[in-house]
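Let's take a walk through this model together. Have the sequence and the 3D view open, and follow along from one element to the next.

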Amino acid sequence: MRQMLPPVEIIIVSDIVSELSDMSLFLNRKFSPDLITITPYLLNAQSPATMLHKENCIIITNKKFKNILCSLGFAEKNKIVPITIGINDNDIRMIGESIMEAEQKKFDELVAKH
């Protein structure tokens, strides 16, 4: 049944285009495309309204943007994972754990429906 689950959506938030592309490349190397889909979001260039309807997503961003994203309401239905500029092992662990939690939540919802 887990193979029937859609990939977990990861939203990468930054105010620098090159940081978005670097993070996307990094995540694509670390995690299978069957497991995740990546959506870049350029802070201050895209409307926050485009992300407010998102649920059960993982939002990866630099630590300095966490409070901004929480104040915009993104943390209510999603998980925000604040990372350092140079992604370290702890950041990778937090991202992996967040993916597993989101996948488990989707699985529980699927089982509850049937």
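**A helix and its surroundings**

In this predicted model, the buried residues of α1 pack against β1 (8-14), β2 (36-42), β3 (58-62), β4 (79-83) and α3 (89-113). Which residues of α1 are buried? They are L20, M23, S24, F26 and L27. Looking down the axis of α1, you will find these buried residues within an arc of 165°, so they line one face of the helix. Turn to the face pointing away from that buried side, and you meet the exposed residues V17, D22, L25 and R29.

The length of α1 is worth a check, too. The helix covers residues 17-30, and at 1.5 Å a residue its 14 residues should span 20 Å; the C-alpha atoms at its ends are 20 Å apart, so the expectation and the model agree.

Now step back to see how α1 fits with two of its strand neighbours. Together, β1, α1 and β2 form a right-handed β-α-β unit. The strands β1 and β2 run parallel and are joined by seven bridges. To place yourself in this pairing, start at V8, whose bridge partner in β2 is I36.

Beyond β2, pause at the loop that leads to β3, where you can find N44 and also N56. Neither residue is a glycine, yet N44 has a positive phi of about 70°, and N56 has a positive phi of about 55°. Are they buried or exposed? N44 counts as exposed because its relative accessibility is 74%, whereas N56 is buried, with a relative accessible area of 14%.

Terms used. Residues are numbered from 1 along each chain as its sequence is written. This is a predicted model: local features need pLDDT of at least 70, side-chain atom pairs count only at pLDDT 80 or more; totals for chains, interfaces and linings use all residues. Side-chain values use heavy atoms; hydrogens and water are left out. Helices (H or I, at least four residues) and strands (E, at least two) are DSSP runs, numbered from the N terminus. The expected span of a helix is 1.5 Å times one less than its number of residues. Buried means under 20% relative accessible area, exposed over 50%, partly exposed in between (1.4 Å probe, protein chains only). The arc is that of the directions from the helix axis to the C-beta atoms. Contact means heavy atoms within 4.5 Å. Two strands pair if DSSP finds at least two bridges between them. A crossover is right-handed if, with the strands pointing away from the viewer, the path from the first strand over the helix to the second runs clockwise.
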